[in-house]
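This report covers one helix pair and two individual residues. The structure comes first, and the description follows.

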Amino acid sequence: MSTRDAATTLTTADVASAAGCSAQQVRDLEALGVLPSAPRMPNGYRRFTTDHVTALRAYRALAQAVGPVAAREAIRQIRAAPHDEAAATISGFHVMLLDERRRALAARRALDSIGHETATEAETLDADTMSITELSQAVGVRPSTLRFWEREGLVAPQRTVTRSGTARRYGATAVRDVRIVAALRSGGYRIPEARSALDALRRFGDAGRSLDALDARLAEIAERMIALLRAGAILAEISLGAPE
């Protein structure tokens with residue numbers, strides 16, 4: 001950026017138009033310390049420069065990637081931090097998004113595995129339950145295997161009181177989890193990998209019920225990754241946390 005460009009005087013409306021946001025957002029972000037403080041002209045209006053436009057674009061890209069609250073805090077930290085700490089802050093966001101993508105892919109793999117399993121599907125209604133014998137026969141695994149998966153925290157059957165003690169009963173959610181684990185295990189996945197896939201699917205809640213929803217989630221994460229790359233590129237070119 002040239003000295004002449006940086007010295008160009010812009011109004012609040014000019015900055016808002018150049019960055020694609022409202023004038024009120026410009027004023028708010030300056031007050032919050034996200035943008036450099038703008039001196040006042042004799043008439044009382046703020047005097048912005050193209051540096052403010054660049055900083056605002058960096059914030060908006062970062063907000064798209066990680067959310068406005070995290071972006072505001074990060075920009076304030078980056079403005080005051082040494083160059084290496086500023087770079088580490090941005091790198092941390094890349095790690096965060098990569099982890100989100102990993103969990104989304106694991107959830108998709110878990111859900112997709114049901115459609116590719118070769119064992120007989122065990123259809124249940126929400127009010128239905130299956131015994132361990134019924135489920136083992138339906139899925140094609142031994143009862144001892146189901147008990148092992150329970151000990152590993154992969155499946156959580158209900159317990160009902162019987163004359164001889166208690167018995168396992170598997171509802172719709174437990175049946176689904178068993179089917180997922182069985183499909184993943186038959187595909188060569190180890191217990192820790194199966195657990196990771198199930199945990200990811202449970203975290204997504206309702207989104208985990210639809211492959212389309214998870215595909216949309218992955219697309220959204222990709223857009224946020226691109227926004228983060230854009231924010232990092234802008235931040236690397238301006239004086240926020242840059243070395244002398």
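Helix α2 (residues 12–19) packs against helix α3 (residues 23–31) with the axes 8 Å apart and an angle of about 105° between them. This is a predicted model. Angles of 65 to 115 degrees count as roughly perpendicular, and α2 and α3 are therefore roughly perpendicular to each other. On the α2 side the contact is made by T12, V15 and A16, which meet A23, V26 and R27 of α3. By class, the residues in this contact of α2 with α3 are four nonpolar, one polar and one charged.

Two single residues are described next, with their location and burial in the table.

| Residue | Element | Relative accessible area |
|---|---|---|
| H52 | helix α4 (residues 50–66) | 5%, buried |
| S131 | strand β1 (residues 130–131) | 18%, buried |

The cut-off for buried is under 20% relative accessible area. S131 has a value of 18% and therefore counts as buried. H52 is also assigned to the buried class, at 5% relative accessibility.

What does H52 contact, leaving aside its neighbours within four places in sequence? The contacts of H52 are L35, P36, S37, A38 and R47. With P36 there is also a polar atom pair: a polar atom of the H52 side chain lies 3.1 Å from the backbone oxygen of P36.

For S131, residues up to four places away in sequence are again not counted. Its contacts are then R168, R169 and Y170.

Notes. Residues numbered from 1 in each chain as written. Predicted model: local features only at pLDDT ≥ 70, side-chain atom pairs only at ≥ 80, totals over all residues. Heavy atoms only, no water. Helix = DSSP H or I, 4+ residues; strand = E, 2+ residues; numbered from the N terminus. Buried < 20%, exposed > 50% of the residue type's maximum accessible area, 1.4 Å probe, protein only. Contact = heavy atoms within 4.5 Å. Polar contact = N/O pair within 3.5 Å; in protein donor to acceptor, adjacent residues only side chain to side chain. Axes fitted to C-alpha atoms, helices over the stretch in contact; angles between N-to-C directions. Parallel < 35°, antiparallel > 145°, perpendicular 65-115°, else oblique. Nonpolar A, V, L, I, M, F, W, Y, C, P; charged D, E, K, R; others polar.
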